[in-house]
Amino acid sequence: MSLPTSAPRTWRLIVRRSLIGLLLLALLLAMTLWALLRASLPQLDGRIELPGLSAPLSLARDSLGTAVLQGENRLDLARGLGFVHAQERFFEMDLSRRSAAGELAALFGPQAVERDQERRLHRLRARLSERLAGMSDADRALLQAYAGGVNAGLAALRVRPWQYLLLRAQPQDWQPVDSLLVIGEMFTMLQSGGIQGGFERALLREKAGDTLFDWLTPRGGAWDAALDGSQLAPLALPGPELLNLQKAAHQPEAVAGLRPRAPEDEAVLGSNNWAVAGSRTADGRAILADDMHLGLGVPSIWYRAQLQIGRGDGALRAAGLSLPGAPSLVVGSNGHVAWGFTNAYGQWFDWIRLPAELPEGRLRVFEESIAVKGGAARTLRVQEVDGAPIMKTVQGQRYALRWVAHQGEAYNLGVDAFIQARSLDQLLSQARTAGLPQQNMLMADSKGQIAWTVAGRLWSESGLGSRYARFQSLDTPARGWLAPADYPLIQNPKDGQLWTANNRQSAGAWGELIGDGGFDLGARARQVRERLSERPQHDEASLGAIHLDHEARFIKTWARRIEAGAAGHAPHAEVLRLLQQWNGQAAADQVGYRLARSVRLHTLDALWLAWTRPLLGAEMQGDEKTRMSWKKNFEYSAVQALELKPAHLLPPGFSSWQAFERSQVDAAVAELSEGGKLPLAQATWGRANPSRIQHVLSRAIPALGPWLDMPQEPMDGDANLPQVMQQRHGQSQRLVVSPGHEDQGLLSMPGGQSGHPLSPYYGAGHADFMRARPTPLLAGPAQHQLEARPAARP
């Protein structure tokens, strides 16, 4: 029996109609998603009612998205800033408070539980809720005004922020305590690495003994560029009685079988700033420059803002960068003073070794409930001894952490007062009591003065001697707070210049007070200092040029060492040629820089593992993912051994130090050539250092990358030189400003201003930043204007 001739046509018609229907359905879905995405855009123009305002408030935006707020008082500006932060950045603010509080699993599900458990041990929401209740009326009013603005901004969106649509979640209102949690997240971001490093150093001291420990982890050396001019003398090479790798008992087992950590991922410690006094400028102006090094993402961690209180000649205008989630400017200038930060890396913590039996009455237990999206809540049992949470158990031994961020007094809104400071002395006074992670703060004023101090609340007891890299006992007294008059201070130095770059700033009493929480090698700071000294006078352009300085003065010392070893050694002829052709810059198109850098990291990794494996044992140095790594100043120990070539410290398996060094060159060549697949001459630094400035959601869902991420491009810069730029970490902003001359100031940042991909400000300014095109500090002509009025009373 045959089918009718019309059957094929019928089936084709059905298939065609089905495909058309699917296409229409897909189009309808795309249009719906597009409409929802557009509906979550912030309002840029028109008029709004903003509850709590006492007077009309102007909210303008320029071509970069800079929020320009003009109102009659500080509380109104806080409401306005909260409004624009919420409309542009609420999701990022939410992540920050959730991260600090250990509440990410409620948004992301079970995969975030482990991270939440780590953070919940600190119980920051509970601690900071208690702190909020005890804060001054002025601080609580400012936090309440900001929170009111945030919630008004969130409610004014026609559709909840697009990220919550994707996650199928509802945003939760902002509470005043959440802004304190944002500050707490900055404490974690800036100090957690030092805390972990401090624990590792204390373990190493116990295993190695004081003499060997001090040599392996020197606190300074020839690259130091301390503000007080102090120089720490090199320590004597340890003798074979302490460590002798030629003896079987001291030889590390299977060192060659452990892969070194990825040499491209050298840890970057964050931030540079520098300033010159009026004595160093043509017209007597002081000028300040600042770039803070943080993780880079889309949008930027910072938000450009310009705040103006009042009108006319008596108005106060402050311009700079705010942190979404907090009501204040973090860095900036107000016509009278300018300020900028680098992380101070002092010892703001103590690790406490606990006895097996804890004294009665000193242990408290808290039950923390962790909400989990799509699953049952998890209960975490948190134990605290005298308020210090028990954080670690290693080989049956328990350790508690006493940290400045656990103390309520470490939190306040003192930073907010900076925008109204009228003099350097007033700014210094405010800095010493401000509640923020401890920072090297440089400042300049309109009279040509400059100064350095450590901002944030400081503990009064010494951080060295009995505390540095040593576990404390349960009976070690808790630290008290330092009187503001006793803070470190350098004001108007004779040479008219100041600089900091996360390096050790001082010795003596100040050094004892600050301690050492993991300072960076001084190479960056030294190069900044030398750049400042190269010219008798400076202006904005010359100070701004230091931001982009990627001459590799530090790595040049390694290049010379490698060249000397390669001369006359035929297998390394190409290595020698590439190093001789290198232009001395950490430039994207250079092979010589990447080669010398890689040899250094392979060498330091190999020496560290050879010297510490006998001390720490396979249980602590056997796993490449968890083993203890060297810290920045290990550079001095390694170089000393390479220069003196002691037989007892030569890693086993090598006939001589020359053979060891050549093997590290071979390892670097194998890495750069990808095992011989890539010609060495094509292994440029840019190939290893492309920008990867991504949205947080595209990291979890890579398919979103083309729509959300900034374009990848090879980058100049690296660690250990002023232009710090690595794939996901580096200069989060560049600021140059002279107080009173803000119209000549410069401010740029990567990642863009807005968190909405359809916003005209998504990625705004990123291309300028990447191509070193300066953008102004002050806002340009308004492109959008929003007028806020007090909400009508019922």
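This passage describes a five-stranded sheet and a selection of salt bridges in a predicted model. Local features were accepted at pLDDT of at least 70 and side-chain atom pairs only at pLDDT 80 or more, whereas totals for chains, interfaces and linings use all residues. Residues are numbered from 1 along each chain as its sequence is written, and side-chain values rest on heavy atoms, with hydrogens and water left out.

The five strands form an open sheet with antiparallel pairing in the order 12-16-15-14-13, where strands (E, at least two residues) and helices (H or I, at least four) are DSSP runs numbered from the N terminus, and pairing requires at least two DSSP bridges between two strands. Strand 12 (349-353) and strand 13 (363-370) each have a single partner strand, so one side of each is left without a neighbour in the sheet. Strand 13 pairs with strand 14 (residues 378-385) over eight bridges in the antiparallel sense, and I370 stands opposite R378 of strand 14.

With a salt bridge taken as a side-chain nitrogen of Lys or Arg within 4 Å of a carboxyl oxygen of Asp or Glu, the count comes to 47. One of these links D94 and R97 at 2.9 Å, N to O; the two residues are three apart in helix 2 (residues 74-101), about one helical turn, and both are buried (under 20% relative accessible area, with exposed over 50% and partly exposed in between, for a 1.4 Å probe and protein chains only). The side chains of E200 and K631 also meet at 2.9 Å, N to O. E200 lies in helix 8 (residues 176-208) and K631 in the loop between helix 17 (618-621) and helix 18 (634-644), so this salt bridge ties together parts 431 residues apart in sequence.
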